[in-house]
Each structure stands twice: as structure tokens, then as C-alpha cells.
Amino acid sequence: MTASIAGQRAKTITVAILTVVALFCGCTAKSSSEAQKAEYRSVYVERVPDGDTVEANIQGTVERIRLIGIDAPELDQKPWGKRSKKFLQDLVAASGWQLGIEYDVEKRDKHDRILAYLWARDGNMINEQIVRNGYAVLFTFPPNVKYADRLAAAQVIARENKIGIWGKDGLKQVPSAYRKEHPRM
């Protein structure tokens with residue numbers, strides 16, 4: 001009888017321990033999932049001012065979002081500035097103007113724009129698609145370098161295949177050099 005009682009106690013204790021472990025794992029998974037949702041929340045894009053910036057509604061406030069890791073031609077850099085803007089508009093429209101947003105280390109730049117990676121509904125990174133299709137150049141600033149290798153690989157593909165700004169009649173001057181020669185007032 002004692003062996004039977006001891007066996008029952010062992011089973012009860014084992015079940016209790018497994019229940020506590022299961023509950024703990026469930027809570028941990030929920031916390032991890034909630035953190036991920038906070039980082040990858042959805043934003044509604046209201047306007048695309050140029051090829052590397054959008055204006056989006058974030059929690060009831062319209063914010064300017066600068067895409068991390070890329071630099072699209074300025075609008076005055078004809079025809080590539082307007083082409084880059086249109087390409088970004090088309091990507092945003094294809095996702096119903098709703099995109100996922102992911103931040104890196106620094107959330108804002110010196111102009112108080114939000115810095116982010118944007119994600120289409122199909123799971124593709126908008127920043128990467130713009131570079132891969134030759135509508136922007138790689139433009140990284142530490143510490144926001146989470147996807148720098150991925151963006152660099154996208155630029156290699158565009159350059160090797162002479163796509164967009166890398167093709168015939170491509171961009172004559174990278175956007176950063178253009179801005180130095182043509183500063184905004």
C-alpha cells in the first residue's frame with residue numbers, strides 16, 4: 001500500500017510540475033509574441049513625398065518615416081527622383097497603403113523623422129525592394145544597420161544587372177553628393 005501511495009504522490013507531483021512548466025511556457029510565449037507585435041505593428045500610409053520617405057498614421061499621429069539604409073534620388077534629380085517616388089507609391093499601393101513597421105536602434109533622425117524598415121503585406125521589405133530594383137542606393141548609418149548586409153546584397157544585384165539607376169542613362173550623381181551641391185534653404 002505504501003508503494004502505491006508513494007507512486008500516486010510522485011504522479012501528482014509530476015503532473016503539478018508539468019502544469020506549472022506549461023503555464024510558465026505559455027506566459028513566456030505570450031510575452032514574446034506581444035513584444036513582436038509592438039515592434040512590427042501596422043501603419044497606414046497617407047502620402048509618399050519622395051522615394052525614401054512616407055507619411056503614415058501612427059497611433060493617431062501623422063509621422064514622417066524615413067526608410068533606413070537607403071537613399072533615393074532627390075525629386076530634382078530627373079528623371080530618377082520622380083521614378084523612385086512612383087516606385088515606392090506603387091509598392092505601398094500594392095499593400096493597400098498599410099505596411100508593417102520595424103525600428104532599429106535609433107528611432108528618430110536629426111530632422112525628427114521616424115527611422116524604420118517597412119514591410120509589405122506579402123512579407124517583402126520595402127527598403128530592400130527599392131534598392132534591388134535600382135531606385136535607391138545603399139545608405140547606412142550605425143547603429144541602424146540591422147539589415148545592412150541584406151540591403152548591400154540587393155544593391156549588388158541591381159548593379160550587376162544594370163537595373164534602374166545602374167543602367168544606361170542611369171543616375172549621374174548619388175543623392176548625398178547632389179544634396180551637397182544643391183542644399184535646401
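**Note on a predicted chain: turns, helix α4 and core**

1. Lys162 is exposed, with a relative accessible area of 59%. Exposed means over 50% relative accessible area, buried means under 20%, and partly exposed lies in between (1.4 Å probe, protein chains only). Lys162 sits in the loop between α4 and α5 (175-181). It comes after α4. Its phi is positive, near 50°, although the residue is not a glycine.

2. The basis of these values is as follows. This is a predicted model with residues numbered from 1 along each chain as its sequence is written. Local features need pLDDT of at least 70 and side-chain atom pairs count only at pLDDT 80 or more, while totals for chains, interfaces and linings use all residues; side-chain values use heavy atoms, with hydrogens and water left out.

3. How confident is the predictor in the protein chain? The mean pLDDT is 85, and 78% of the residues reach 70 or more. pLDDT is the predictor's confidence in each residue, from 0 to 100. Residues 14-39 stay under 50. For that stretch the model has 4 contacts beyond four places in sequence. A contact means heavy atoms within 4.5 Å. Where pLDDT is low, the predicted coordinates should not be read in detail.

4. Now the overall layout. The protein chain has 5 helices and 7 strands. Along the sequence they run α-β-β-β-β-α-β-β-α-β-α-α. Helices (H or I, at least four residues) and strands (E, at least two) are DSSP runs, numbered from the N terminus. Of the 185 residues in the protein chain, 38% are buried. Among contacts with a separation of 6 or more, 61% join residues 24 or more positions apart.

5. Which residues have the most contacts inside the largest nonpolar core? They are Ile65, Ile101, Leu118, Ile126 and Ile130, in a core of 37 residues. At least two residues each come from β1 (42-50), β2 (53-58), β3 (61-67), α2, β5 (98-102), β6 (114-119), α3 and α4. β6 gives the largest share, 6 residues. A nonpolar core is a set of buried Ala, Val, Leu, Ile, Met, Phe, Trp, Tyr and Cys residues joined through side-chain atoms within 4.5 Å. In soluble globular proteins, nonpolar side chains tend to be buried together.

6. Helix α4 has a buried side. Its buried residues are Ala148, Leu151, Ala154, Gln155 and Ala158. They lie on the same side of α4, because they cover an arc of only 125° around the axis. The arc is taken from the directions from the helix axis to the C-beta atoms. Asp149 and Glu160 are exposed on the other side. The buried residues pack against β4, α3 (126-132) and β7 (137-139).

7. The length of α4 agrees with expectation. Its 13 residues should span 18 Å at 1.5 Å a residue, and the end C-alpha atoms are 18 Å apart. The expected span is 1.5 Å times one less than the number of residues.

8. Is Gln155 buried or exposed? It counts as buried, because its relative accessibility is 14%. Gln155 belongs to α4 (residues 148-160). Beyond four places in sequence, it touches Val131, Ala136, Val137, Leu138 and Trp166.

9. Gln77 is another buried glutamine, at a relative accessible area of 6%. Its place is the loop between β4 (69-71) and α2 (80-94). What does its side chain reach at 2.8 Å? The partner is the backbone oxygen of Gln173. This is a polar contact: a pair of N or O atoms within 3.5 Å; within protein, one must be able to donate a hydrogen and the other to accept it, and residues adjacent in sequence count only if both atoms are side-chain atoms. Outside its neighbours within four places in sequence, Gln77 is in contact with Leu171, Gln173, Val174, Pro175 and Tyr178.

10. Two cis peptide bonds deserve a look. One joins Lys78 and Pro79, with omega about -5°. Pro79 lies in the loop between β4 and α2. The other runs from Pro142 to Pro143, with omega near 10°. Pro143 is in the loop between β7 and α4.

11. Gln59 has a positive phi of about 50°, although it is not a glycine. This residue is in the loop between β2 and β3. Gln59 is exposed, with a relative accessible area of 69%. Most residues other than glycine have a negative phi, and most peptide bonds are trans.
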